Amino acid sequence: MKHALPSEELARDERFVRNSFMARAADPRVTAMPAEKRNQRMPLSPDRADGPDAARALMHGIFTGEIQALEGAGRTCWDFPIGDGPDEAPFELKLDMARQCWDEARHCEISVKLGDWMGTEIGEFAESTFLYDAACNPDPVLRLTGVNRALEGLAIDVFNTMREFAEKSGDPLLGYCEDWMLADEVTHVKMGSDWLRRLTADDPDRRARALEFQKVVDKLFSIGGARGEEDDSPIRLARRFRELAGFRTEEIDEIAELSLQSRRELDSYREHAAAKQAAAAAGEA
Amino acid sequence: MAASVSPESFTMVLFDQPAIVAEVERIAALVGVPSGEEVRVVVDEAVPVARAHLASVDPLVLEVEGGAFEDPRHPRQLSEAAVADTVGRLLLQALDRRSAAFGEVPADVDIPLAHRVAWDVYAVGRLQRLGLDGQRQRRIYGFRNRHGFTDVADEAFARLWDGTDLTWADITRLSDDALAARTG
């Protein structure tokens with residue numbers, strides 16, 4: 001079996017369709033939309049006309065994210081030999097990752113059942129593999145920060161958002177399932193935080209590199225400000241649950257700031273590209 | 001039956017205008033738009049959101065944001081199923097509005113979300129019986145979100161979904177009864 005499997009080689013059946021970040025970035029509508037709609041964001045809520053459909057799409061994203069989290073944790077069990085060296089992973093870490101695989105597999109099953117409940121078929125929406133891509137770092141500590149702190153941290157935010165959606169709509173099944181999965185994700189982040197401290201206790205440079213890598217991934221996972229603390233953020237940063245998972249207040253503040261940066265950069269890019277497009281159209285006329 | 005779809009060629013999405021025209025004509029005939037009557041569909045291809053509304057009942061004019069016709073698995077590509085679902089629902093509601101027996105319907109902007117969703121269920125249930133995929137579970141989930149996860153709401157949904165010859169008063173009563181059970 002290969003080590004360090006690239007996302008292109010992940011096994012999927014014919015129901016799944018991939019969509020890349022690049023394809024979405026190249027969508028000309030991103031800049032052609034009317035100015036008042038271009039940078040519009042809306043919190044996920046049943047009051048939105050498209051609220052239940054938006055929740056269905058997010059639930060499908062959670063489902064594919066759970067598959068990738070399973071694959072990411074599973075690869076950590078396999079990709080590194082057992083040991084304490086820089087390219088190795090301690091046996092106890094692999095045991096934790098194996099336990100996480102079991103949790104993620106259960107989450108996949110729960111997500112499929114929630115999809116059925118919400119009226120979504122497997123493969124109804126495209127899959128993006130950017131979560132797994134963050135789980136491919138060749139340094140086990142950096143991979144751990146990518147998967148267990150950034151990816152699973154995003155999972156905390158998303159599950160909490162879905163849990164709040166369920167509370168507002170009164171959906172007992174969704175609320176119950178999200179609550180249980182959220183508890184698992186808090187444990188996964190806590191495992192990541194604990195292992196990061198243990199493995200880098202005598203190596204401050206490695207810890208700094210890992211935290212820097214986490215920042216990069218956290219900014220990527222802010223999805224242009226879709227995850228953040230602003231009133232209109234579709235996915236809310238779940239401070240309380242992040243604290244329970246071992247994030248310090250200043251670390252959460254930093255993620256909030258990265259999200260805001262990501263939002264500003266995307267908005268600015270769109271405005272710039274729209275202005276360029278308008279200028280080109282005026283030139284043609 | 002004639003349909004016109006604008007724009008005639010799309011530059012931002014990979015939609016085939018003749019394919020949309022053909023699907024609109026097929027659906028219009030299926031739901032019972034009188035032969036010889038034109039259906040006009042105006043697509044705003046710049047907006048990847050799935051909103052659509054009936055701009056005019058007579059003549060029949062539908063205004064659609066591009067996302068409503070888009071395949072959720074293949075961005076920018078046309079989904080004929082989405083065209084059928086959106087156009088079929090709006091045309092059935094246009095025919096409802098024209099029917100004296102259906103009763104007076106408020107302007108779209110004055111219809112509360114719960115009533116709007118209940119009317120959508122009634123329309124899509126009819127489309128399902130005409131052979132289209134109505135995505136029943138998706139619809140009941142949307143209905144429960146607005147009317148409560150209760151037995152009363154599910155019973156109201158079933159009566160809307162299976163309903164024939166319902167009136168606007170029937171639809172709003174079923175919706176209001178479900179809402180009352182949610183809050184009561």
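**Exercise 1. Place Phe91(A) in its chain, then decide whether Phe91(A) is buried, partly exposed or exposed.**

Solution.
- Step 1: Phe91(A) sits in helix 5 of chain A, residues 91-118. The model is predicted.
- Step 2: Its relative accessible area is 45%. Buried means under 20% and exposed means over 50%. Phe91(A) is therefore partly exposed.
- Step 3: Look at the surface. Phe91(A), Ile82(A) and Leu95(A) form a nonpolar patch there, with about 310 Å² of accessible area together.

**Exercise 2. Find which strands of chain B pair with strand 4, and in which direction they run.**

Solution.
- Step 1: Take strand 2, residues 38-44. It runs parallel to strand 4 of chain B, and 6 bridges join the two. Val41(B) stands opposite Leu62(B) of strand 4.
- Step 2: Take strand 3, residues 52-56. It runs antiparallel to strand 4 of chain B, with 4 bridges. His53(B) stands opposite Glu63(B) of strand 4.
- Step 3: Trace the link. A hairpin of 3 residues joins strand 3 to strand 4 in chain B.
- Step 4: Check the cover. Strand 4 of chain B spans residues 60-65, and 5 of its 6 residues are buried.

**Exercise 3. Describe the interface of chain B and chain A.**

Solution.
- Step 1: Count the residues. Chain B gives 25 to the contact and chain A gives 33.
- Step 2: Take the area. The two chains bury about 2300 Å² between them, 57% of it on carbon and sulfur atoms.
- Step 3: Find the main contributors in chain B. Arg73(B), Arg138(B) and Tyr141(B) lose the most area to chain A, together 26% of what that side buries.
- Step 4: Look for charge pairs. The rule finds 2 salt bridges across the interface. One salt bridge joins the side chains of Glu70(B) and Arg29(A), at 2.9 Å from N to O.

**Exercise 4. Compare the setting of three salt bridges within chains: Asp157(A) with Arg227(A), Arg197(A) with Asp194(A), and Glu23(B) with Arg26(B).**

Solution.
- Step 1: Asp157(A) and Arg227(A) meet at 2.8 Å, N to O. The pair links distant parts of the chain, helix 7 and strand 1 of chain A, 70 residues apart. Asp157(A) is buried at 0% relative accessibility. Arg227(A) is also buried, at 0%.
- Step 2: The closest N and O atoms of Arg197(A) and Asp194(A) are 3.8 Å apart. Both residues lie in helix 8 of chain A, about one turn apart. Arg197(A) is partly exposed at 36%, and Asp194(A) is partly exposed at 32%.
- Step 3: For Glu23(B) and Arg26(B) the closest N and O atoms are 2.9 Å apart. The two are 3 residues apart in helix 1 of chain B, so about one helical turn separates them. Glu23(B) is buried at 9%, whereas Arg26(B) is partly exposed at 44%.

Methods: Residues are numbered from 1 along each chain as its sequence is written. Chains are lettered from A and ligands numbered from 1 in the order in which they are written. This is a predicted model: local features need pLDDT of at least 70, side-chain atom pairs count only at pLDDT 80 or more; totals for chains, interfaces and linings use all residues. Side-chain values use heavy atoms; hydrogens and water are left out. Buried means under 20% relative accessible area, exposed over 50%, partly exposed in between (1.4 Å probe, protein chains only). Two strands pair if DSSP finds at least two bridges between them. Patches are made of residues with over 30% relative accessible area and no salt bridge: like charges are joined within 9 Å, nonpolar side chains (Val, Leu, Ile, Met, Phe, Trp, Tyr) within 5 Å. Accessible areas come from the Shrake-Rupley method with a 1.4 Å probe; for residues, only the protein chains shown count as cover. A salt bridge is a side-chain nitrogen of Lys or Arg within 4 Å of a carboxyl oxygen of Asp or Glu. Contact means heavy atoms within 4.5 Å. Buried area is the accessible area (1.4 Å probe) that two parts lose on being put together, summed over both.
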